[in-house]
Every structure is written in structure tokens, then in C-alpha cells.
Amino acid sequence: MSLLQHGRSIYNEHGVWELLRRSYDFVRERGAGWIGAHLLAESSIGSKFKYAISHSAFLTTVYFYIRRTFKHEKRAILRGHYQYYKKEREREDPEHRIIRHTHMLEKGISMENRREVFGVAVANELVENVIAAWKRRDEPESDDQLRWSIDVLAKYFEVVSIESEALQNTYNKFQKFVTSTGVEIGNRVPRPRHSLETNPVEFDNLRALAEQRSSTRWFQDKPVSHDVIDKAIRVAAESPSACNRQSFEYRIYDDKELLDEILQPPLGVTGYRDNIPCVVVLVGKHRGYFRESEKNVPLIDGSLSAMTFQYALESLGLASCTINWPAMYREHNRMERLLNLDEDENIILLMAVGHPNPEGKVPYSNKKNIENLRSYNKCD
Ligand SMILES: Cc1cc2nc3c(=O)[nH]c(=O)nc-3n(C[C@H](O)[C@H](O)[C@H](O)COP(=O)(O)O)c2cc1C
């Protein structure tokens with residue numbers, strides 16, 4: 001409900017004095033600037049005003065400063081950059097750089113016309129970081145990511161000319177590391193595409209799954225198995241992400257008290273809130289990125305995986321409904337405190353998950369014709 005509609009409903013229900021009293025409290029709480037900008041933002045006059053100020057970078061900045069709409073996002077981006085470099089500097093957890101560099105080398109190895117020597121600086125840094133991370137790791141047997149980096153490095157030194165002076169030192173360091181740790185070199189390296197094509201899903205099956213997946217809001221009063229959710233997350237983890245960094249987390253809540261706290265207005269669960277047995281809060285982490293141009297990446301990576309997650313749930317007999325996360329600083333603060341979010345973390349979306357109630361109604365949600373959704377070679 002918009003602010004104006006809200007005001008009108010108070011006036012209709014309680015009269016003008018109550019409206020004035022609440023307005024006074026509201027102005028004291030939020031500030032006149034915020035309310036003025038908010039009223040403008042919501043009205044049709046406001047849309048013209050917004051269009052006018054959009055021509056000035058300064059006025060646009062002032063507008064969003066007053067509105068505070070992106071305050072926590074911007075803060076999370078800056079704090080993410082800080083965390084990225086801090087972790088690297090302290091060699092505390094250079095995880096994302098390791099992943100990014102490993103990916104850069106595996107991409108280089110996959111090139112059809114690759115140079116005799118490539119990625120020297122990346123390889124140098126990667127070897128240093130892998131050695132440091134290997135010393136620090138606490139769960140030696142399960143550190144799959146590091147073993148992937150080691151496999152890729154071994155392959156890299158196999159395909160580049162190690163006679164090159166620039167690489168000799170790095171190669172020797174890597175060899176010494178492999179010999180001293182006795183780490184086994186595996187096979188997590190670029191492979192021909194045909195070796196993946198073992199059991200492709202028929203188009204008709206995929207289409208049937210896509211058609212069956214519908215936002216479901218009515219669930220059985222039955223707990224959702226953590227094993228089944230984990231299974232779906234394993235599939236979601238196969239989704240693409242920028243440089244394979246996967247800088248997001250699925251936080252799952254099925255404790256009744258926590259659910260009640262999380263699913264507060266203005267979340268769009270009115271009418272079916274009490275029926276939700278389990279909610280996923282998908283959190284993006286800016287610490288995986290060090291460039292401002294990557295500000296949307298946690299959102300994109302997380303959302304792509306969320307779609308895979310929904311299909312996986314559906315194939316496992318569970319149903320789901322995405323719940324919009326309003327990008328409002330007050331909401332963010334509430335959830336930040338409740339869930340103890342880190343400074344660089346932003347909520348991407350929420351998702352209700354449960355065993356569908358077979359009798360519960362599901363909206364038809366007619367889909368647009370593809371003519372409205374796509375174009376080829378469009379330039380005008
Ligand atoms: C980003 C996003 C936010 C959504 N927010 C809500 C929400 O707050 N409450 C709700 O009941 N449904 C929400 N939905 C579900 C949509 O209403 C639903 O996906 C849409 O109507 C299409 O229906 P379908 O998912 O069954 O194809 C959301 C979906 C998306 C992708």
C-alpha cells in the first residue's frame with residue numbers, strides 16, 4: 001500500500017485527527033525530507049519530477065541520498081571491497097581470488113589457439129595463494145575447491161612452456177609444494193564437451209517441469225527434510241556464476257518463532273504467512289568482488305541459482321514461491337539484526353518452500369507470448 005493510500009485509509013477509518021496525529025509521529029520519526037521525497041516518488045507528478053532530475057547526476061544523487069533507497073546496498077558494496085582486500089592482505093581467506101584465478105587459467109587452457117605461455121602473473125599469484133591456503137585449511141579431506149585449483153595448476157604447467165624464464169620460479173615452487181605435501185593430482189581440468197553429454201534431459205521433460213513449477217502458496221503441515229533441501233542446493237550449485245565465485249548463501253529457516261519474525265510485513269506473504277513451513281533467505285555477499293562494476297553480480301549469481309533450486313525442488317516433490325525482498329533500508333536493518341547479517345551481505349530474495357497442498361489453488365499466471373519477450377538483431 002502506498003503512503004497516500006495508507007493515509008486515505010486512516011482518514012476513512014479513524015477521521016482527520018487520527019490522521020494528523022499519526023502524520024506528526026511519522027514526520028518526527030522519518031524526517032520531512034524523506035516524506036517529501038517519498039510522496040513525490042509515489043505520485044504521477046513525482047514521476048515527471050524524477051524524469052527531470054534524472055538529467056542531473058548531482059540531483060539524482062541528492063534524491064537517492066534523501067530517499068536512502070540504496071543506502072545499505074552501497075554500504076555493502078564498499079564493505080565487501082574492504083573485506084575482499086583485508087582477507088587477501090592477511091592471507092586469511094583469499095578464497096575468491098583463488099577461485100577467480102583458477103577459473104582464468106582453466107579458461108586459458110580451454111582456448112583453441114592458446115599461446116605457448118599465458119597467464120604468468122595469474123599463475124604466480126595462484127601458486128602463492130594456494131600454498132598459503134593449503135597450510136591454513138582446517139578440513140583437509142573436504143577441501144575440494146583447493147584440489148581443483150591444484151589440478152588446474154598441474155595441467156597449466158603441462159600445457160605451457162615451462163622453459164620460459166617468467167614461469168620457472170613459479171613452476172619450481174608448485175612442484176616443491178606437490179612433493180612436500182604429497183597431494184594427489186586429480187582430473188578437475190578442462191575436458192571435451194562430449195564427455196559431459198551422458199544423460200541429457202529431453203526437451204519435453206524440461207518443458208513439462210517448467211510448466212509444472214508454479215508459485216505455490218499453500219503447503220501441507222509437514223516439515224521439509226533438510227536432506228531434500230540439501231539435494232536441491234547441490235543442483236543449484238551447478239548454476240553459472242561470475243568466474244565461478246558463487247558469492248551467496250542459502251540460509252534456511254524452519255523454526256516457527258524465527259519464521260514468524262522473518263515473515264513480517266511488508267513482505268508479500270499476506271494471507272498465507274502462517275502456512276509457510278520453511279523459508280529460504282538467499283543472501284548475496286559482496287566480499288567476492290573488488291570492482292564497482294560487479295555490483296550486481298551477487299544478485300545475478302544468486303538469482304540464477306535460485307531458479308535451478310526451484311526446478312530441483314519441484315523434481316523432488318516440493319513446491320516453492322519466491323518472495324520479493326523490498327530494498328528498503330529499514331527492512332534491511334531489521335533483517336540485518338535478526339539474522340546477524342554481515343556488513344557486506346544483502347538479501348537477494350526469500351523463498352517459501354514446502355510440500356504442496358494438492359487442493360490448494362495456484363494462480364494461472366498466463367505467460368507472455370514469445371513475440372513480446374524476444375527479438376533478433378534488434379538495434380532500433
Ligand atoms: C522476484 C520475485 C518476487 C516475487 N515476490 C512475490 C511475493 O512477494 N509474494 C508472492 O506471493 N509471490 C511473489 N512472487 C511470485 C510471482 O507472483 C510469480 O512468480 C508470478 O506471478 C508468476 O507465476 P509463476 O511463478 O507461478 O509462474 C515473486 C516472484 C519473483 C520472481
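I started with the domain assignment, which splits the protein chain into domain 1 (3-70), domain 2 (75-181) and domain 3 (203-354). I note that the model is a predicted one.

Domains 2 and 3. I looked up the distance between the C-alpha centres of domain 2 and domain 3, and it is 31 Å. For the contact I counted 12 residues on the side of domain 2 and 16 residues on the side of domain 3. I then asked which elements give two or more residues to the domain 2 side of this contact. They are helix H6 (71-89) and helix H7 (95-110). H6 gives the most, with eight residues. By residue class, I found five nonpolar, five polar and two charged residues on the side of domain 2 that touches domain 3.

Helices H12 and H14. Next I turned to helix H12 (residues 226-236) and helix H14 (residues 297-315), whose axes come within 8 Å of each other and cross at roughly 135°. How are the two helices oriented to each other? An angle over 145 degrees would count as roughly antiparallel and 65 to 115 as roughly perpendicular; H12 and H14 are therefore oblique. I recorded the crossing of H12 past H14 as right-handed.

I also listed the residues that meet. From H12 they are Ala-232, Ile-233, Val-235 and Ala-236, and from H14 they are Ser-305, Thr-308, Phe-309, Ala-312 and Leu-313. I sorted the residues of this contact into seven nonpolar and two polar, with no charged residue.

Technical notes:
Residues numbered from 1 in each chain as written. Predicted model: local features only at pLDDT ≥ 70, side-chain atom pairs only at ≥ 80, totals over all residues. Axes fitted to C-alpha atoms, helices over the stretch in contact; angles between N-to-C directions. Helix = DSSP H or I, 4+ residues; strand = E, 2+ residues; numbered from the N terminus. Parallel < 35°, antiparallel > 145°, perpendicular 65-115°, else oblique. Left-handed = near helix turned anticlockwise from the far one by under 90°. Contact = placed C-beta atoms within 7 Å. Nonpolar A, V, L, I, M, F, W, Y, C, P; charged D, E, K, R; others polar. Domains from an automatic or database assignment.
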